[in-house]
Amino acid sequence: MDVFRFTVNGKEVETKEDKPLLRFLRDDLKCKSVKDGCSEGACGTCTILIDGKAVRSCILTTKKAVGKTIVTVEGLSLQEKEAYVYAFGRAGSVQCGFCIPGMVMSAKALIDVNPNPTEEDIKKAIRSNICRCTGYKKIIEGIALAAKVLRGEEKVQVDLETGDDFEVGQSAFRVDVREKVLGTGEYPDDVEMENMVYGGAVRTEHPRAKILKINTEAAESLPGVLCVLKAADVPNNKVGHIQQDWDVMIAEGDITRCIGDALCLICAETPSILEAAKKLVKVEYEVLEPVRSIAEAMAEDAPKIHPNGNLCQQRHVTRGDAKAAIAGAKYVVTDSFKTPFTEHAFMEPECAVAFPYKDGVKVYTTDQGVYDTRKEISIMMGWDPSRIVVENKLVGGGFGGKEDVSVQHIAVLMALKVGRPVKVKFTRQESINFHPKRHAMEGTFTLACDENGIFQGLDCEIYFDTGAYASLCGPVLERACTHSVGPYTYQNTNILGYGYYTNNPPAGAFRGFGVCQSEYALEMLIDKLAEKVGISPWEIRFRNAIEPGKVLPNGQIADSSTALKETLLAVKDIYEANKGRAGLACAMKNAGVGVGLPDKGRARAVIKNGVVELYTAASDIGQGCRTVFMQMMHEGTGLPVEKIDLSKGSTEDSPDSGTTSGSRQTLITGEAVKGLAVELKGDLDKVGGDLSALEGKEYFFEFFDPTDKLGADLPNPKSHVAYAYATNLVLLDEQGQVTDVYAAHDSGKVVNPVAIQGQIEGGVLMGMGYALTEDFPLKDCVPTAKLGTLGLLRANQIPNIHAIYVERDTPIPFAYGAKGIGEIASIPIAPAIANAYYAFDHEFRTKLPMDNTFYRKKKA
């Protein structure tokens, strides 16, 4: 038998097994910095150095590595490690962190041969590394700074974690930079436990088919297979974030609803045995014609995807008399718009580890709400939720796509069956097929104004394809409807929204939460109205813009922090200087769940061993809320950061702080942390600042600011605790390429400037992909794209992104005045680009991704 020898991080290693180098590095050598983002050579998270060159380790085998010298992040010198930790922390390069070790290795390959790289050199060096969080700009800046440190032109701060200024309003060094840059922090796939085994699902080959027979005998008899589970083995075969309509597995005799549906679960001693067993399962199908579209779902003779029919959710949002207002208006514009499904493409595929624990089960996971996951598992098991402990490890991106359970619940079923820790992780294609996407939309919008361009009314119908399961169809559809009015001041609206089941992959939460679709349509119509009135797109928005004390179209009175007009003024001069190649769009987005639903932030703290242990179950999915909480705790108590310890978030010890969704954590949970800090400061003052005098004392704070339900019969209902506002300005060059984006944001008090800049830049690039390059093609309801063909933008394609934030100097009651930035950053960019093209060539593009642009030529 051949022996394959090569050098890894200065040591000669050998193996007799020819397998992907990625697997050897992670599984055999425990080099956990080498992340498995796709195993397809598309994402770059597994990048290493081979003989000095950056290579994706998933596309190389141990046989092909013979005689080569390999370096991973673990093999960097101490000087290099400190340089990258310092530089990436100072520049704000790290968000979810899953791509970062791969970025570091691509950077090292460059800097080793070019110690003083230009920005273009860096972009070229990392063009094979995808980042979905940052928009690349902060990573490029971090690499440039690391090169500067390694050249000796800048010194590394000695104590990175505690030497920073953590006051609210200062650019704080993120609390998780070191573990993410060096790859020492644990994501679920990095977890190893004694006696751990591996689980997975056999999934349907057809989106709609009757399951006649699932023959698992050959799989069950394969040595190393520990169990095979079917639908009958599930106490309650339903899960669902809000509506429990999602089958854990499809039973024999039932009909599948989408390509991601599980037919049986297999648990095995090793991943290779698991894959072999899956292939032994034989399924007999009666293939049925799928429901491919909204139109097919609405047809009278359409097959029912769920027992109650194909209409999943509907919303009717009305105020005033829109039809009369439009009929009496001077100018009216109407058009229809179409937007696609979109894949979240977070860099970390779904993964969970479950194991028996006390009188129940414990789950290590990577999701957006550990209490939500606990609830869904408890429904499936028929258990009291207290028997289930869910703990977040690091979360490698979410953007809404990790709100629904995916692997957690099936890991639980197998762990309880075999009595051992079970790891379940998706392949990249399973992830693409399974988790809910951004809803595809078809809609017709009518907007009217008077002779001066003052909006009179909006009438529209919005249709969402929610795919096979509801997920968050209702709330997402609701936000699309309530925000279709835009951040303006008119009182006549009639908005009808419908969400239909199809046999497409499910759709649910995605950054922007339905507003990206409806705002795209509205903001394009505004430019057409401006043309009819004879004023500029900037002027018509400024005349209608919401301002403090005025009333939004939903009736809510804008508070004193409202600064939409300031965001318009921030880009005015640049817009005026570039007419003919400039496009504008505004947006608003709620912070907090609102609409009358309970939305509470909670935090608890214990003084232990002279340190404040702060507990909150808020998921940090890359947005940096844990650092924000540290800043607020420091600000409120005056304690140095080394005296504050933050939990990662577990249902066992941390209070429920709600889902990381709706741009809510900084405001809602942040206010709870602030309130707790105020109480602690009061006690500290009583004991002369001696924290040890409070040893053992516990604190708890709950924040809740009630809102009014949708359609409340009030003159001025309070729909949400707060709104953020934004204006985006896009500039094109002579070839129609996006050269600059000026993203001006009113997100209240900026807690961490470097973090908000990174959120804005990442949101802009995500929205730019949505507008121009990303698509999610389906053939008879089956995704045909892989990660590498989704159209995700790379570092060498980014425009100059200018992140601008404005703050009104007004008293705001909660969380030092913060509102949240995560979602709104992605909303106005698509219509701003569309409007730039309208100014450029006068073609009105009503479909995304846009055709006939620099990025995508018109299809025949």
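**The largest cavity and the surroundings of T47**

Helix α20 gives the largest share of the lining of the largest cavity, namely three residues. This comes from a predicted model. The stretch in question runs over residues 753-772, and α19 (665-686) joins α20 in supplying at least two residues each to that lining. In total, 36 residues line the largest cavity. Sorted by class, the lining has 17 polar residues, 13 nonpolar ones and six charged ones. Nearest the centre of the cavity sit Q623, S663, Q759, I821 and G822.

As for how much room there is, the largest cavity holds about 580 Å³ of space. A search across the whole structure turns up eight cavities of 30 Å³ or more. Rolling a probe the size of a water molecule over the atoms is what shows where empty space is left.

Turning to T47, this residue belongs to strand β3, which covers residues 47-50. With a relative accessible area of 7%, T47 counts as buried, because the cut-off for that label is under 20%. The side chain of T47 has polar partners: one of its polar atoms lies 2.7 Å from the backbone oxygen of G44, and a polar contact of 3.4 Å links the T47 side chain to that of N129. N129 also turns up in the list of residues in contact with T47 once neighbours within four places in sequence are set aside. The rest of that list is made up of A54, V55, R56, G102, M105 and S106.

Definitions and conventions. Residues are numbered from 1 along each chain as its sequence is written. This is a predicted model: local features need pLDDT of at least 70, side-chain atom pairs count only at pLDDT 80 or more; totals for chains, interfaces and linings use all residues. Side-chain values use heavy atoms; hydrogens and water are left out. On a 1 Å grid over the protein atoms alone, a cavity is a set of points where a 1.4 Å probe fits but cannot get out, and a pocket is an open set with protein on both sides within 12 Å along at least five of seven lines; lining residues have an atom within 4 Å of a point. Grid points are joined across faces, edges and corners, and a volume is the space filled by probe spheres set on the points. Helices (H or I, at least four residues) and strands (E, at least two) are DSSP runs, numbered from the N terminus. Ala, Val, Leu, Ile, Met, Phe, Trp, Tyr, Cys and Pro count as nonpolar, Asp, Glu, Lys and Arg as charged, and the others, Gly among them, as polar. Buried means under 20% relative accessible area, exposed over 50%, partly exposed in between (1.4 Å probe, protein chains only). A polar contact is a pair of N or O atoms within 3.5 Å; within protein, one must be able to donate a hydrogen and the other to accept it, and residues adjacent in sequence count only if both atoms are side-chain atoms. Contact means heavy atoms within 4.5 Å.
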